[in-house]
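Trainee: I've got a new model open and I'm not sure how to read it. Could you walk me through it, feature by feature?

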Amino acid sequence: MKRVQYSNPILPYALLLPQLAIVAVFFLWPAVEAVRASFYLEDPFGFGSTFVGLENFKDTLTNSQYARTARFTLIFTVLVAFFSLSIALLLAVKADKVIRGAGSYRTLLMWVYAIAPPVAGLLGVMLFDQHIGPLTELARSLGWNLQVGVTPFDTAFVMVITAVWKQIPVNFIFFLSGLQSVPKSVQEAAAIDCRSGTRRFWTVTFPLLAPTGFFLLIINITYALFDTFGIVDLVVKGEPGNNPITLVYKVFVDGFRGNDLGGSSAQSVILMVLVFLLTVFQFRMIERRVHYN
Amino acid sequence: MKKVQLLDHAVLILGALFMLVPVTLAFMTSTHDAMSVYKDGLQMTWGGHFTDTYKTVLTEASGFTKSVTGLTMLYNSMILGFGFAIGKIVISMLAAYAIVYFRFRFGVFFFWVIFTTLLLPLEVRILPSYEIVQGLGMMNSYSGLIIPLIASATGTFYFRQFFKSVPDELVEAARIDGAGPVKFFIDILVPLSKTMIAAIFIIMFVYGWNQYLWPTLITTDETFFTLVRGMKQILAVWVGAQIPETNQAMALAVLAMLPPVVIVVIFQSWFVKGLVESEK
């Protein structure tokens with residue numbers, strides 16, 4: 001905080017009021033409500049609700065469909081995070097090295113950041129369409145009869161590719177800025193000591209990038225869990241059926257289509273705990289990063 | 001050495017193409033007519049029907065939606081993008097100013113209350129949020145669309161970080177000159193924050209424009225549809241059609257991408273700086 005601060009009996013409260021009002025009505029209230037609803041069994045026709053304790057959680061966690069969704073979400077998250085991070089790192093390293101056209105490469109590799117997930121999802125659906133999709137044709141020529149929405153594996157494949165495509169730019173931006181902040185003196189010293197560029201990367205540059213990498217890992221996990229909603233929704237064309245879906249999508253389907261308010265709330269609370277842990281972990285990482293500097 | 005450089009360029013060009021080709025296909029396809037796309041698949045060349053397609057999707061309430069034109073959706077997207085960005089910046093600057101520059105009762109407590117919003121994204125409290133907005137009668141309204149999205153305190157944190165880095169001497173000097181808190185804020189702090197405001201504006205505009213889940217729930221009336229929210233309707237109609245108007249679907253997708261992409265590309269350096277700095 002500042003050494004010099006104003007003091008005024010009303011002004012600071014007035015300045016905070018809009019933010020606090022919005023936080024109270026649209027954040028705290030619904031968050032508390034989600035936790036409360038998870039302990040109740042709501043009548044689907046709106047005739048009150050009964051307290052059932054941890055019953056909703058028990059039902060959710062023992063449900064085989066929930067387990068399947070959780071397993072898919074885990075695999076999906078790992079694949080999306082792994083591929084978007086490694087491809088972005090490769091591109092960032094190359095973009096940091098070249099001299100000619102560095103600016104153009106940077107622009108060409110980051111602009112997809114601005115595209116919304118559902119728009120990316122629509123493109124994914126079109127590119128892998130049975131009838132008009134060029135990538136389906138390519139797969140067919142390789143002997144793979146790719147059917148999105150019919151074969152669960154193929155649906156998952158398109159989801160992962162689309163999600164990776166959409167996420168590479170963010171990772172690229174952060175990796176590039178991380179690489180550019182590696183001090184010149186360190187790079188030169190390393191260049192004198194070690195001639196192999198590959199070895200220099202793994203022993204000097206990569207460890208220096210580790211804090212950025214950890215930070216991005218959390219960002220990517222959060223992305224794969226939550227922000228891919230639009231991609232999933234478009235790729236399954238709004239009709240999950242037996243297609244693979246993520247946990248957040250299941251909260252939406254159960255709550256808004258299935259009218260299972262208690263179950264959906266219990267799932268929300270489970271996700272809340274997950275995000276909470278991720279965020280706490282992230283803040284600890286950031287603190288450690290500050291200590292390094 | 002020369003050979004290594006060549007390999008680097010090859011990798012980068014491959015990456016750039018990976019990013020570029022899907023969107024180019026979308027755009028080129030939108031310049032064809034429905035029948036030729038139906039027969040020959042997505043297109044990689046100019047089709048010559050650019051004006052027809054875009055005129056139809058912008059001005060006619062055709063196929064994909066019953067009552068709205070692309071222009072209405074574009075307008076709604078603009079309102080969501082600008083409304084969200086401006087609302088967020090104003091509210092979070094005021095809050096951050098109070099937190100950093102004032103000593104007052106419960107200041108720390110309020111800071112932590114706002115801080116908690118970073119812990120839970122909208123997606124995990126979506127059902128009760130929806131019920132509350134419905135209860136308040138804010139369904140199918142711009143305020144219902146925008147205000148709940150502002151609840152997350154990201155902006156407040158960006159500005160808090162920035163204000164903390166502003167030298168203390170400025171406040172001292174302002175006080176000696178007899179400038180009160182309001183004058184200091186308007187005449188010194190806001191002008192100092194210009195670049196920061198611009199960077200956050202870009203990030204927030206893109207974020208607001210690209211919202212999907214929340215608009216899907218809150219707007220059931222087509223006249224409030226944004227382009228991004230309309231994607232699902234577009235796909236649903238496209239899937240159900242005899243000869244799908246792929247060119248028009250792609251044209252709407254291009255319109256949904258264009259404004260945020262243009263802003264990000266033009267103000268690239270601000271945007272990158274804002275993104276990287278804000279996460280520290």
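## Reading the fold, the core and the contacts

Mentor: Let's start with contacts along chain A: of those with a separation of 6 or more, 69% join residues 24 or more positions apart. Keep in mind that this is a predicted model.

Trainee: Okay. How many helices and strands does chain A have?

Mentor: To read a fold, list its elements and then their order. Chain A has 12 helices and two strands. Following the sequence, the pattern is α-β-β-α-α-α-α-α-α-α-α-α-α-α. For its dimensions, look at the C-alpha trace, which spans about 75 × 70 × 30 Å along its principal axes. Out of the 293 residues in chain A, 42% are buried.

Trainee: Which domains is chain A divided into?

Mentor: Here you look for the bounds, then for what joins the parts. Chain A splits into domain 1 (11-51) and domain 2 (56-292). Their C-alpha centres are 31 Å apart. Where they touch, eight residues of domain 1 of chain A meet eight residues of domain 2 of chain A. On the domain 1 side, α1 (11-37) and β1 (40-42) of chain A each give at least two residues. That side is made up of six nonpolar residues, one polar and one charged.

Trainee: And how many residues does each chain bring to the contact between chains A and B?

Mentor: For a contact between chains, count each side, then ask which element gives the most. There are 75 residues from chain A and 74 residues from chain B. On the chain B side, helix α1 (residues 2-30) of chain B has the largest share, with 12 residues. Sorting that side by class gives 55 nonpolar, 12 polar and seven charged residues.

Trainee: What about the nonpolar core? Which residues have the most contacts inside the largest one?

Mentor: With a core, start from its best-connected members. The largest one has 161 residues, and those with the most contacts inside it are Val119(A), Phe172(A), Tyr97(B), Ala253(B) and Ala256(B). The top contributor is α4(B), with 15 residues. Both domain 1 (11-51) and domain 2 (56-292) of chain A give residues to this core, so it lies between them.

Trainee: Can we zoom in on Phe172(A)? What is it in contact with, neighbours within four places in sequence aside?

Mentor: Setting those neighbours aside, Phe172(A) is in contact with Ala88(A), Leu91(A), Ala92(A), Leu109(A) and Met110(A).

Trainee: Now helix packing. At what angle do helix α4 and helix α13 of chain B pack?

Mentor: You want the angle and the distance between the axes. Helix α4 (residues 70-101) and helix α13 (residues 227-240) of chain B pack at about 140 degrees, with their axes 8 Å apart. So α4(B) is oblique to α13(B), because only angles over 145 degrees would count as roughly antiparallel. The residues making the contact are Met73(B), Leu74(B) and Ser77(B) of α4(B), with Leu227(B), Val228(B) and Gly230(B) of α13(B). By class there are four nonpolar, two polar and no charged residues.

Trainee: Last one: is Arg160(B) buried or exposed?

Mentor: Count the C-beta atoms around the residue. Arg160(B) has 20 other C-beta atoms within 10 Å, and the cut-off for buried is 20 or more, so Arg160(B) is buried. You'll find Arg160(B) in helix α8 (residues 154-165) of chain B. Apart from neighbours within four places in sequence, Arg160(B) is in contact with Ala96(B), Ile99(B) and Val100(B).

Conventions: Residues are numbered from 1 along each chain as its sequence is written. Chains are lettered from A and ligands numbered from 1 in the order in which they are written. This is a predicted model: local features need pLDDT of at least 70, side-chain atom pairs count only at pLDDT 80 or more; totals for chains, interfaces and linings use all residues. Two residues are in contact if their C-beta atoms, placed from the backbone, lie within 7 Å. Helices (H or I, at least four residues) and strands (E, at least two) are DSSP runs, numbered from the N terminus. Ala, Val, Leu, Ile, Met, Phe, Trp, Tyr, Cys and Pro count as nonpolar, Asp, Glu, Lys and Arg as charged, and the others, Gly among them, as polar. A residue is buried if 20 or more other C-beta atoms lie within 10 Å of its own, exposed if 12 or fewer, and partly exposed in between; C-beta atoms are placed from the backbone. Domain bounds come from an automatic or database domain assignment. Axes are lines fitted to C-alpha atoms, for helices over the stretch in contact, and angles run from 0 to 180 degrees between N-to-C directions. Angles under 35 degrees count as roughly parallel, over 145 as roughly antiparallel, 65 to 115 as roughly perpendicular and the rest as oblique. A nonpolar core is a set of buried Ala, Val, Leu, Ile, Met, Phe, Trp, Tyr and Cys residues joined through C-beta atoms within 7 Å.
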